[in-house]
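Visitor: I should like to learn how to read a ligand site and helix packing in a structure. Could you guide me through an example?

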Amino acid sequence: MYADRVLSGMRPTGSLHLGHYHGVLKNWLKLQHEYECLFFVADWHALTTHYDNPQSLEEHTWQMVIDWLAAGVDPNRATLFIQSQVIEHAELHLLLSMMTPLGWLERVPTYKDQQEKLSDKDLSTYGFLGYPLLQSADILIYRANRVPVGEDQVPHIEFSREIARRFNHLYGKEPGYEEKAEAAVKKLGGKKAKLYTELRNRYQEQGDEEALESARAILGEAQNLSLGDKERLYGHLEGGGKMILTEPEALLTEASKMPGLDGQKMSKSYHNTIALREDPEAVSKKIRTMPTDPARVRRTDVGEPERCPVWQFHQVYSNDEVKAWVRKGCTSAGIGCIECKQPVIEAVLRELAPIQERARAYTEEPDLVRNIIADGCEKARDLARETMRDVREAMGLNYG
Ligand code: TRP
Ligand code: SF4
């Protein structure tokens with residue numbers, strides 16, 4: 001079994017492009033070999049900003065899942081599911097909303113930023129304010145401890161940690177908690193119990209982080225503690241109650257180096273993308289007509305790669321030899337821009353070929369995709385239900 005559980009979600013934007021591939025998917029492909037992974041379509045999150053047009057959600061969802069699979073996300077390694085098909089997320093979101101101070105939500109930086117950025121929409125809604133809390137529910141319901149996200153999402157992970165902590169503090173003190181924790185300490189065995197107690201005191205009295213780490217390691221390795229006892233002691237160690245919800249950590253994804261066709265960040269709203277399933281002819285044409293160094297008007301003008309978006313593509317796709325050829329040829333007007341673009345065209349097409357091949361298999365057999373998602377939703381539901389049982393119990397909501 002894996003010690004760490006990774007969870008990440010993407011809002012359904014329809015077909016994905018090379019920016020998504022280099023920025024997110026390649027990272028997922030790596031993670032699926034290293035961790036237990038859950039990847040899901042955050043369709044409810046899309047509704048927080050697109051509540052006026054839910055019609056396209058379903059189509060966008062299937063297109064995005066096909067692109068995940070085409071990119072190489074392996075349904076035998078990762079669990080793929082759709083947020084709205086695991087309604088337990090909504091229940092946890094609701095219960096967490098009871099103990100979430102409004103100020104915490106209003107202070108999340110993306111709240112004001114996005115409202116300003118999408119100023120053509122009325123985003124003074126309850127759902128939009130709750131965006132980070134819904135995201136917390138997504139994460140906490142799977143007790144995921146690693147969440148791969150970009151820089152912009154780090155405040156949301158921080159927020160989720162605070163929510164988990166507050167929940168554990170408020171509801172983690174079951175009746176007889178202290179006695180149960182004491183009994184669990186005894187189960188560690190004489191020597192270990194003594195060491196644990198010393199380390200716990202050192203942490204609680206002096207804030208010694210190393211002591212905290214060592215004590216955690218003792219609990220991690222303890223063979224004779226039940227899961228319940230372990231959760232109790234992880235909380236006890238830090239002076240709180242039982243750890244019902246796990247504090248997640250952001251697994252920071254490096255920003256994508258993939259530029260758009262115009263040299264800005266690749267993004268649908270800039271109309272500068274190459275879609276993963278774009279026709280090879282169209283891909284070649286897009287690259288052939290992309291802008292170059294504006295100073296190179298004629299073939300005989302010398303250019304400067306640093307001013308050219310094509311050069312950024314070479315950074316992603318070309319080896320040192322090709323890059324040296326570009327630099328020399330451009331600055332001496334030895335090569336033309338079409339010539340310079342040729343290796344990029346070839347490299348992009350080479351990268352897309354296997355992706356498009358896999359995509360074809362999935363588009364030809366939509367049932368395959370549906371079954372993968374149905375399986376994934378089922379697995380996700382089982383995990384979510386387990387957490388919800390503990391959450392309900394902790395809050396006194398488990399009616400016979
Ligand atoms: N907010 C994320 C984004 O915009 C998507 C998302 C929703 C997410 N729930 C999540 C990411 C849970 C990680 C974990 O990219
Ligand atoms: Fe850009 Fe290449 Fe043309 Fe130089 S030769 S301006 S790097 S496309």
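Guide: We shall take the ligand site and then two helix pairs in this predicted model.

Visitor: Which residues surround ligand 2?

Guide: One begins with the residues around the ligand. Here the shell consists of T292, D293, R296, C308, V310, V326, C330, C337 and C340. By class, 6 of these residues are nonpolar, 1 is polar and 2 are charged.

Visitor: Which helices each supply at least two residues of that shell?

Guide: Helix 16 (320-331) and helix 17 (337-364) each do so. As for the space that ligand 2 takes, this is the largest cavity.

Visitor: At what angle do helix 4 and helix 8 pack?

Guide: For a helix pair, one reads the angle, the axis distance and the handedness together. Helix 4 (residues 88-97) packs against helix 8 (residues 131-140) at about 120°, and their axes are 9 Å apart. Angles over 145 degrees count as roughly antiparallel and 65 to 115 as roughly perpendicular; helix 4 and helix 8 are therefore oblique to each other. Their crossing is right-handed.

Visitor: How are helix 11 and helix 12 oriented to each other?

Guide: The axes of helix 11 (residues 190-206) and helix 12 (residues 209-221) cross at roughly 150° and come within 8 Å. These two helices are therefore roughly antiparallel. Helix 11 and helix 12 form a left-handed crossing.

Terms used. Residues numbered from 1 in each chain as written. Chains lettered and ligands numbered in written order. Predicted model: local features only at pLDDT ≥ 70, side-chain atom pairs only at ≥ 80, totals over all residues. Heavy atoms only, no water. Near = heavy atom within 4 Å. 1 Å grid on protein atoms, 1.4 Å probe; cavity = no way out; pocket = protein on both sides within 12 Å on 5 of 7 lines; lining within 4 Å. Sits in = over half its atoms within 2 Å of the grid points. Helix = DSSP H or I, 4+ residues; strand = E, 2+ residues; numbered from the N terminus. Nonpolar A, V, L, I, M, F, W, Y, C, P; charged D, E, K, R; others polar. Axes fitted to C-alpha atoms, helices over the stretch in contact; angles between N-to-C directions. Parallel < 35°, antiparallel > 145°, perpendicular 65-115°, else oblique. Left-handed = near helix turned anticlockwise from the far one by under 90°.
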